[in-house]
Every structure is written in structure tokens, then in C-alpha cells.
Amino acid sequence: MKISRRINLHIHTKYSDGKNSIEEIVKSALNANLEYIAITDHFSNSWKSNIIPTLNNREKIENYLEEIEIINNQLRENKQKLVVLKGIEIDLSSSHNYISSLIKPNDFDLILFEYLESPEAISFSKNIITNWKVSYNETQIPILGLAHFDPSFFIFNDMEVLFSFIAEFNIFLEFNSSYSQYYSTKYTQFFQKIKERMIAVSIGCDSHTLSNVGDIEDPFMAIKNYDLLDNLLTLLAELDKKLKPI
Ligand SMILES: [Zn+2]
């Protein structure tokens, strides 16, 4: 099957440590002929929040969501093919209370988790998602993914723990153009498991400037080389289902 769909589901703006406005990002994405992009600014109260700006209060989050909504409506009115997802990148070193008090999952189309690097981080994430599932129904839970996932933390230990977690909660793994070392052939066995388990995969560039908003070729080639095009199609189907309902 031919994959002509161009996506970049990991982009930062001035709402956290990106250099550009959402509007500027959208112009670049249109020039790069992208079909789906996700604005995924940082959310953190760990060490990271001392270094970079993050979406650290409800008012800021609401302004951010509203701005994305307005731009999306304009794109739709102008009959553009591009859809902008309301995303956020949650730092798993943040505290549970901070996340649960400020994040309403149904506000978002996509939630990325970063720094899933241990069985403890898996339990932590499980708790958060399970709590969301108590308060929100299935259709209110957004698409969930692991940002710039680094296989080295799981290739010798706990690979099964990881795979049963991502399968149970339907979580995708992101192929990120800024971290080519994570797709090294030394992880071939890991990527074979992704194929066997039919885990969805995504493409993200971790864009902080306009220069790499359209740099999706390298992650796409890595996905292709590991024979994971069907896994990418799984994600594309999920995006269409959620965001382009008939
Ligand atoms: Zn990021």
C-alpha cells in the first residue's frame, strides 16, 4: 500500500521552548505539504520546568487550545488539507498531582509522554491513564504516544513489561527525526517485536524552529526499513477516525 500521507506529530511553539508562533508553524506545514501536524508543547514541573517555559497553568493551556482551535477552523474554512492536532508533551518526571490537577485528557487530540525509561515510569504512566479512564469515557481519551522513545532502556530488561503496557493502552511509538541513534540496527529485535505486536508508530520531528517542520523523510525511511508501514497505517487510520469523521 502506498503511503502518501505526510505527518509531523511533535512540534513546539513559543508556548514552551519553540521559537515560533502556532501561525508560523502552520504556514511552514502548509509549505511542506503536511496533512496532520500536532502542536505538542511541554508540560512539566520537574527539573525541566526550571530550564524552559512550559504550559504551567490552566489559563495558559486554555489560550493555547483556543489558538489551535481558531487556526484549525480557518484551515477548514479555506478547504486546506492540513489538520492541526491539539497536543501536549508530558514529562514523566513531573509529579502525579501536578499532571492530574492540570491536564484534562479530553482537551487534547494527542498526548505524548516523554522519558519513559524504566518500569517505574511505566507504572507511573499506567496510574495516570487508568485514573483518566475512571473519569472519562473511551472517546474522551486522546491518542497516546511515547515521544522520542529510546529502546536502549528496554532491550536487555523489561521488554515484555513495556510491550504489554503499550498494547493494553493502545500507545504508539514515535520515530523522531532528531534522534536517529534510536533507530540503529542494534535494535532490530526490538523493532521486530513492534511489527509482531502491531504497535502503532508515528512520525515526529521535535521541531523547535521552522527549519525542520517538514523533515519527515528520515523517520519515514527508518519505519520503512524495519517493515513497519502497516504500523504507521494503523496510526493514520486512527487519526482519520478521530479527526476527519464523515
Ligand atoms: Zn518535544
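Which residues does Phe43 touch, not counting residues up to four places away in sequence? The legends below start with that view and then move around this predicted model.

**Figure 1. Phe43 and its contacts.** Welcome to strand β2, where Phe43 is found. Leaving aside residues up to four places away in sequence, Phe43 touches Thr54, Leu55, Ile88, Glu89, Ile90, Asp91 and Ile103. Phe43 counts as buried because it has 24 C-beta neighbours inside 10 Å, and the cut-off for that class is 20 or more. Another pair to look at is Phe43 and Leu92: 49 residues separate them in sequence, while their C-alpha atoms are 9.3 Å apart in space.

**Figure 2. The whole chain, for orientation.** Before going further into the close-ups, here is the setting. The protein chain has 8 helices and 7 strands. Its C-alpha trace spans about 45 × 45 × 35 Å along the principal axes. For 246 residues, a compact globule would have a radius of gyration near 18 Å, and the 17 Å of the protein chain agrees with that. Of those 246 residues, 39% count as buried. If you like contact maps, consider the contacts between residues at least 6 apart in sequence: 79% of them join residues at least 24 apart.

**Figure 3. Helix α1 and its buried face.** This view is centred on helix α1, residues 22-31. Which of its residues are buried? They are Ile22, Ile25, Val26, Ser28 and Ala29. Seen down the axis of α1, these buried residues fall within an arc of 160°, so they line one face of the helix. A reminder about helix geometry may help here: an α-helix has 3.6 residues a turn, so residues three or four places apart point the same way. Glu23 and Asn31, on the other side of α1, are exposed. The packing partners of the buried residues of α1 are β1 (7-11), β2 (36-43), α2 (58-77) and β3 (83-91). After α1 comes Asn33, which has a positive phi, near 60°.

**Figure 4. Where α1 meets α2.** Two packed helices are described by the angle between their axes and the distance between the axes. For α1 and α2, the angle is about 35° and the axes are 10 Å apart. Their crossing is right-handed. On the α1 side, the contact is made by Ile22, Glu23 and Val26, and they meet Glu67, Ile68 and Ile71 in α2. By residue class, this contact of α1 with α2 holds 4 nonpolar, no polar and 2 charged residues.

**Figure 5. Helix α6, one side in and one side out.** Now for helix α6, residues 188-196, in which Phe190, Phe191 and Ile194 are buried. Around the axis they cover an arc of only 95°, which puts them on the same side of α6. Thr188, Gln189 and Glu196 are exposed and sit on the face turned away from that buried side. The buried residues of α6 pack against two strands and a helix, namely β6 (171-176), β7 (201-204) and α8 (229-243). Just after α6, Met198 has a positive phi of about 55°.

**Figure 6. Two loop residues with positive phi.** Most residues other than glycine have a negative phi, and most peptide bonds are trans. With that in mind, have a look at His148, which is not a glycine but has a positive phi of about 25°. His148 lies in the loop between β5 and α5 (159-168). With 19 other C-beta atoms within 10 Å, His148 is partly exposed. Asp227 is not a glycine either, and its phi is positive at about 60°. The loop between α7 (217-225) and α8 holds Asp227. Is Asp227 buried or exposed? Asp227 is exposed, because 12 other C-beta atoms lie within 10 Å and the exposed class takes 12 or fewer.

**Figure 7. Glu138 in its loop.** The last stop is Glu138, placed in the loop between α4 (119-135) and β5 (143-146). Glu138 counts as exposed because it has 6 C-beta neighbours inside 10 Å. From Glu138 to Glu66, the distance in space is 23 Å, C-alpha to C-alpha, and the two are 72 residues apart in sequence.

Conventions:
Residues numbered from 1 in each chain as written. Predicted model: local features only at pLDDT ≥ 70, side-chain atom pairs only at ≥ 80, totals over all residues. Helix = DSSP H or I, 4+ residues; strand = E, 2+ residues; numbered from the N terminus. Arc of directions from axis to C-beta. Contact = placed C-beta atoms within 7 Å. Rg over C-alpha atoms; globule rule 2.2 N^0.38 Å. Axes fitted to C-alpha atoms, helices over the stretch in contact; angles between N-to-C directions. Left-handed = near helix turned anticlockwise from the far one by under 90°. Nonpolar A, V, L, I, M, F, W, Y, C, P; charged D, E, K, R; others polar.
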